[in-house]
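Reader: Please show me the chain, and then take my questions on its fold one at a time.

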Amino acid sequence: MAIVAVTAGGRRPPCRRVPPAASPPARLSCRCATHTVPRRNVLSTMLSTSTVFLFGPKQITLAETTGGTFREYIDTFDGYSFLYPKSWIQVRGAGADIFFRDPFFLDENMSVEISSPSSSKYMTVGDLGPPEKAAERVLQQYLTEFMSTRLGVRRTSNILSASSKVADDGKLYYEVEVNIKSFASNNELAVMPQDRVQRLEWDRRYLSVLGVENKRLYELRLQSPEKVFKEEEGDLRRVMDSFRVNKTA
């Protein structure tokens, strides 16, 4: 603190405080490391938190599962739930009640179909008959959806398995697996038969789980190319095993 000297008149002027010099602001520094994140893990990180969505009266819950490999989808309005691979993304406008697919392998996907409440009065999945008869219905539905007006298209199909189970919720479910192959010619209008050779377009495995609740038929559908099915089979069967139909209000 500085003091001003006394003046000649003997009067001491008031002291003035000289403020200390301001200290320079503290400087902070950080060191950040850059890491390469696999493309498949980027999407998984974005979807790592539990979320609840409200669409009018429809409530959708997405919840992380133990281990972080799957997420749980819960539709409390329509009454069903299932697990799905965390890296899969939802696709809107696909025609199903819900539709997810692998963003890297677009031919691998899953969906849920529900019968209309006004036109169906199911009491149990047994109303479809035995599992084998339900499998024929499932296969015919697939073939109808895949009908093509292109010339030279041929489809072959097989029912691989049809079974029933009682899940931990005490309800009966049917599980169906089918294979469908599509063949086509790139030159169907050719004059010579040897120029109209049909070649395999795609070869897919289709897995369905059927359940009944709220007097409606629910079907979980999974699709996978046969060439990657063995590699993905564990995850696909985990999804199948997780499918549940629930009572709605």
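What follows is a set of questions and answers on this predicted model.

Author: Residues are numbered from 1 along each chain as its sequence is written. The model is predicted, so local features need pLDDT of at least 70, side-chain atom pairs count only at pLDDT 80 or more, and totals for chains, interfaces and linings use all residues, while side-chain values use heavy atoms, with hydrogens and water left out.

Reader: How many helices and strands are in the chain?

Author: Helices (H or I, at least four residues) and strands (E, at least two) are DSSP runs, numbered from the N terminus. By that rule the chain has three helices and twelve strands.

Reader: What percentage of the residues in the chain is buried?

Author: Buried means under 20% relative accessible area, exposed means over 50%, and partly exposed lies in between (1.4 Å probe, protein chains only). The chain has 249 residues, and the buried part of them is 38%.

Reader: Which strands stand at the edges of the open sheet?

Author: Two strands count as paired if DSSP finds at least two bridges between them. The open sheet has seven strands in the order β5-β6-β7-β11-β10-β9-β8, paired antiparallel. Two strands have a single partner each, so one side of each is left without a neighbour in the sheet: these are β5 and β8 (154-166).

Reader: Which residue stands opposite Q90 in β6?

Author: β5 and β6 run antiparallel and are joined by two bridges. Across from Q90, in β6, stands F100.

Reader: How many residues of β11 are buried?

Author: In a regular strand the side chains alternate between the two faces of the sheet. In β11 both faces are covered, with R216, Y218, L220, L222 and S224 buried on one side and L217, E219, R221, Q223 and P225 buried on the other. The count of buried residues in β11 is therefore ten of ten.

Reader: How many bridges join β10 to β11?

Author: β11 also runs antiparallel to β7, with six bridges between them, and there M110 stands opposite L222. On the β10 side, R205 stands opposite S224 of β11. β10 and β11 run antiparallel too, and the bridges that join them number ten.

Reader: What is the phi of N214, in the turn between β10 and β11?

Author: Most residues other than glycine have a negative phi, and most peptide bonds are trans. β10 and β11 form a hairpin with two residues between them. K215, in the loop between these strands, has a positive phi near 60 degrees without being a glycine. N214 is not a glycine either, and its phi is positive, at about 55 degrees.

Reader: Is K215 buried, partly exposed or exposed?

Author: The relative accessibility of K215 is 45%. On that value K215 counts as partly exposed.

Reader: Which residue of β4 is the bridge partner of Y73?

Author: β3 and β4 form a hairpin with four residues between them, and G79 in the turn has a positive phi of about 90 degrees. The two strands pair in the antiparallel sense over six bridges. In β4, the residue bridged to Y73 is F82.

Reader: Which residue of β12 stands opposite Y80?

Author: All six residues of β4 are buried, with Y80, F82 and Y84 on one side and S81, L83 and P85 on the other. β4 also pairs with β12 (residues 244-245), antiparallel and over two bridges. Opposite Y80, in β12, is V245.

Reader: Which residues have the most contacts inside the largest nonpolar core?

Author: A nonpolar core is a set of buried Ala, Val, Leu, Ile, Met, Phe, Trp, Tyr and Cys residues joined through side-chain atoms within 4.5 Å. The largest one has 25 residues, and β3 (70-75), β4, β6 (98-101), β7 (109-114), β10 (199-213), β11 (216-225) and α3 each supply at least two of them. Those with the most contacts inside this core are Y80, F82, M110 and F243.

Reader: On which residue is the kink in α3 centred?

Author: Helix α3 (residues 226-242) has 17 residues and reaches 22 Å from its first C-alpha to its last, close to the 24 Å expected (1.5 Å times one less than its number of residues). Its kink is about 75 degrees, where the bend at a residue is the angle between axes fitted to the seven residues ending there and the seven starting there. The kink is centred on E232.

Reader: Is K86 buried or exposed?

Author: K86 sits in the loop between β4 (80-85) and β5 (89-90). Its relative accessibility is 13%, so K86 counts as buried.
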